[in-house]
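Please look through the structure below with an eye to how its elements follow one another, what lies inside and what lies on the surface. The paragraphs after it take these topics in turn.

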Amino acid sequence: MPQSLTKIFLHIIFSTKHRNRMIDEAIENEVFNYIGGVCRELECQPVKAGGYLDHVHILSSLSKRTSSEGFFSG
């Protein structure tokens, strides 16, 4: 029986409302860890989460059990 093997990565970018500079050093690790936890809960392994004061970048693999629509519907 043939199998198809795929590895899909998503680059997701979130910004704060009105691009306000809200993600400072005091909370950035907590924000990135929370986002990584959400990815893991969806069985999508985060590769890297980071960002700046007004936005967050996430590089994550897409689980074969989760569609990209399911990933974003929350």
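The chain has two helices and three strands, where helices (H or I, at least four residues) and strands (E, at least two) are DSSP runs numbered from the N terminus. Read from the N terminus on, the elements follow the order β-α-β-β-α. This is a predicted model, in which local features need pLDDT of at least 70 and side-chain atom pairs count only at pLDDT 80 or more, while totals for chains, interfaces and linings use all residues. Residues are numbered from 1 along each chain as its sequence is written, and side-chain values use heavy atoms, with hydrogens and water left out.

Among contacts (heavy atoms within 4.5 Å) with a separation of 6 or more, 56% join residues 24 or more positions apart in the chain. Of the 74 residues, 27% count as buried; here buried means under 20% relative accessible area, exposed means over 50%, and partly exposed lies in between, with a 1.4 Å probe and protein chains only.

The interior is best followed through the largest nonpolar core, a set of buried Ala, Val, Leu, Ile, Met, Phe, Trp, Tyr and Cys residues joined through side-chain atoms within 4.5 Å. This core has 10 residues, namely Leu 10, Ile 12, Ile 23, Phe 32, Ile 35, Cys 39, Cys 44, Val 56, Ile 58 and Leu 62. At least two of its residues come from each of β1, α1 (28-41) and β3 (55-61), and the largest share, three residues, is supplied by α1.

Two cysteines belong to this core, so why does the count of disulfides come to zero? A disulfide is a pair of cysteine sulfur atoms within 2.5 Å, and the sulfur of Cys 39 is 6.6 Å from the closest cysteine sulfur, that of Cys 44, which is too far for a bond. Cys 39 is buried at a relative accessible area of 3%, and Cys 44 is buried at 0%.

On the outside, the chain exposes about 6000 Å², of which carbon and sulfur atoms supply 53%; accessible areas come from the Shrake-Rupley method with a 1.4 Å probe, and for residues only the protein chains shown count as cover. Phe 9, Val 47 and Leu 59 form a nonpolar patch on the surface, with about 260 Å² of accessible area together. Patches are made of residues with over 30% relative accessible area and no salt bridge, with like charges joined within 9 Å and nonpolar side chains (Val, Leu, Ile, Met, Phe, Trp, Tyr) within 5 Å; a salt bridge is a side-chain nitrogen of Lys or Arg within 4 Å of a carboxyl oxygen of Asp or Glu. Within this patch, Phe 9 is partly exposed, with a relative accessible area of 46%, and lies in strand β1 (residues 9-15).
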